[in-house]
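Visitor: I am new to this structure, and I would like to understand the words used to describe it. Could you show it to me before I begin to ask?

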Amino acid sequence: MSLLGWIRHLFIPHQSNNHRARILHPSVLAVIVAGFLVYQFGLNFYLLVRPSVLGFASSISPERVIEATNQKRGEKGLAPLTINSKLNEAAQRKAGDMFAFDYWAHTSPSGRNPWAFFQEVGYKYLYAGENLARDFQDSGAVVEAWMNSPTHRDNLLNPNYKEIGLAVVNGTLNGVETTLVVQLFGTPTPAVAKAPQPQVPAFQPAQAPQAAPELGEASVVLTQAEETAQAPSPSPSLSPFSLTKMMVIFLLGLILGALFLDALLVYRQKVVRLSGKNLAHLIFVGAVLLSAILTTPGAIL
């Protein structure tokens, strides 16, 4: 059979395929599903063997994340946050700790909470909060994901916060090349007055046990990328997520196209079938394809 004949047999209903495109036969669909599973298994195995070959083409910039955060605050009439070098250092240490102990959470497996990193760098706070991020391609997507989550948005738009620190760090987490975004918020304790009787604030200076509940309103998100320096630069590599997504869209597109062509030709040729619901299949496959197209990387915790 020629190539043209094989394509016709695969996609166009006629006598040789019992008036149903061969690609729509259960046996061929089973082969497609099995092939995709083999592809996915092979990709995952390859990542274990050569984890640095496939990376995440990330263009997340700390400056842009802070700028977008302040923009969101400005839209709500809130004062912009000031960058604090100690908070930057605390964010850097938190990211390093997650890579070192292979976890993604506000609290480490050993019970170390975010406020420990504030204390390490000597940042004394009245209010403090943390947002984390992973699996995003650009700075704007990170901030939008936080804004779409009520608890994360509360952190970004908290009027009690005055300062911000941010770190974007690349490394390997759970065997996968990842870029972690750590965003810390804080309001420093006021300078101690030298007068003999300083006025005590209505709220006492922050104590770790009292500030910890703020963590429940924080958020977390991480990012896959090539292993580089602190701020990742755009990379031509493709993420495993992108490769899988492209394969799913390609296969679903083939099936959807075959279903449409099959329905059109059957209608025109007035072929009588005892079974088959092309319209229902078209709607179902079309919905799955649309879902795959709209799916984007990114996760919040």
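Visitor: Which residues in α3 meet residues in α6?

Guide: This is a predicted model, and in it R64, V65, A68, T69 and K72 in α3 meet S139, V143, E144, W146 and M147 in α6. By class, that contact has five nonpolar, two polar and three charged residues.

Visitor: What makes V65 nonpolar, T69 polar and R64 charged?

Guide: Val counts as nonpolar and Arg as charged, while Thr, which is in neither of those two lists, falls among the others and therefore counts as polar.

Visitor: Why is α3 called oblique to α6?

Guide: The axes of helix α3, residues 62-75, and helix α6, residues 139-147, come within 8 Å and cross at roughly 40°. Angles under 35 degrees count as roughly parallel and those from 65 to 115 as roughly perpendicular, so an angle of roughly 40° belongs to neither group, and that makes α3 oblique to α6. As for its hand, the crossing of α3 and α6 is right-handed.

Visitor: What is the volume of the largest pocket, and which residues are the closest to its centre?

Guide: The largest pocket has a volume of about 400 Å³. It is lined by 15 residues, of which L29, V33, L252, I255 and V285 are the closest to its centre. The elements that give two or more residues to this lining are α2 (26-49), α9 (240-269) and α10 (278-294), and the largest share, five residues, comes from α9.

Visitor: How do you know which class prevails in the lining of the largest pocket?

Guide: The lining has 13 nonpolar residues, against one polar and one charged, and Leu, Val and Ile, the types found closest to the centre, count as nonpolar.

Notes: Residues are numbered from 1 along each chain as its sequence is written. This is a predicted model: local features need pLDDT of at least 70, side-chain atom pairs count only at pLDDT 80 or more; totals for chains, interfaces and linings use all residues. Side-chain values use heavy atoms; hydrogens and water are left out. On a 1 Å grid over the protein atoms alone, a cavity is a set of points where a 1.4 Å probe fits but cannot get out, and a pocket is an open set with protein on both sides within 12 Å along at least five of seven lines; lining residues have an atom within 4 Å of a point. Grid points are joined across faces, edges and corners, and a volume is the space filled by probe spheres set on the points. Helices (H or I, at least four residues) and strands (E, at least two) are DSSP runs, numbered from the N terminus. Axes are lines fitted to C-alpha atoms, for helices over the stretch in contact, and angles run from 0 to 180 degrees between N-to-C directions. Angles under 35 degrees count as roughly parallel, over 145 as roughly antiparallel, 65 to 115 as roughly perpendicular and the rest as oblique. A crossing is left-handed if the near helix is turned anticlockwise from the far one by less than a right angle, and right-handed if clockwise. Contact means heavy atoms within 4.5 Å.
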